[in-house]
Amino acid sequence: MPLMHFHVVKGARTPEELRSFLDAAHDAMVEAFKVPVRDRYQLVSEREPSHMIVEDTGLDIPRTSKVVLLQVFSRPRGKEQIAAFYKLLAETLHARTGLAPSDLMVSVVENNDEHWSFGHGRAQFLTGELPLPGAKA
């Protein structure tokens, strides 16, 4: 149930390229975070080039017009799992879409079970409709 929000430069990719990109990112998320395959929530916001500035925090990381800023909203995952996700995501996107690892910036924002409702006005983790982490299914 991580929610992935991709910010990209408008016109830098075709719809087919975007779909391939989203599919690759989802596969990396499923593998790294061990979420169900149908646990897929993705948004793409296309920005005018003048409306998206992604610099390198002094790390000397080159960026191109293909740069992607990804915000991931998720339940707590732990440092090791998040670091593994960053690595796997960069590798998967590079292998399947050609995205240079230098053109990927990711921020993970963690929240708790009460912060999610998947519909019907209910907090499914709290009502028991969805299992809590570590719970026996």
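**A tour of charges, fold and crossover**

Start with the charged side chains: the protein has 16 positive and 18 negative charges, and their mean positions lie 5 Å apart. Select Lys and Arg for the positive set, Asp and Glu for the negative set. Keep in mind that this is a predicted model.

Next, show the whole chain as a C-alpha trace. Along its principal axes the trace spans about 45 × 30 × 25 Å.

Switch to cartoon. You should find 3 helices and 4 strands. In what pattern do they follow along the sequence? Reading along the sequence gives β-α-β-β-α-β-α.

Now select residues 68-74, strand β3, together with residues 104-110, strand β4. These strands run parallel, and 7 bridges join them. Zoom to Phe-73 and look across to β4: its bridge partner there is Val-109. Then add residues 79-97, which form helix α2. The chain leaves β3, passes through α2 and arrives at β4. Which hand does this β-α-β crossover have? The crossover is right-handed. To check by eye, point the strands away from you and follow the path from β3 over the helix to β4; it runs clockwise.

Turn on the surface. The accessible surface of the protein comes to about 8,300 Å². Carbon and sulfur atoms hold 56% of that area. Color by burial next: of the 137 residues, 37% count as buried.

Finish with contacts. Take those in the protein with a separation of 6 or more. Residues 24 or more positions apart account for 74% of them.

Key: Residues numbered from 1 in each chain as written. Predicted model: local features only at pLDDT ≥ 70, side-chain atom pairs only at ≥ 80, totals over all residues. Heavy atoms only, no water. Pairing = 2+ DSSP bridges. Helix = DSSP H or I, 4+ residues; strand = E, 2+ residues; numbered from the N terminus. Buried < 20%, exposed > 50% of the residue type's maximum accessible area, 1.4 Å probe, protein only. Contact = heavy atoms within 4.5 Å. Areas by Shrake-Rupley, 256 points an atom, 1.4 Å probe, with all protein chains shown as cover. Charge placed at Lys NZ, Arg CZ, Asp CG, Glu CD.
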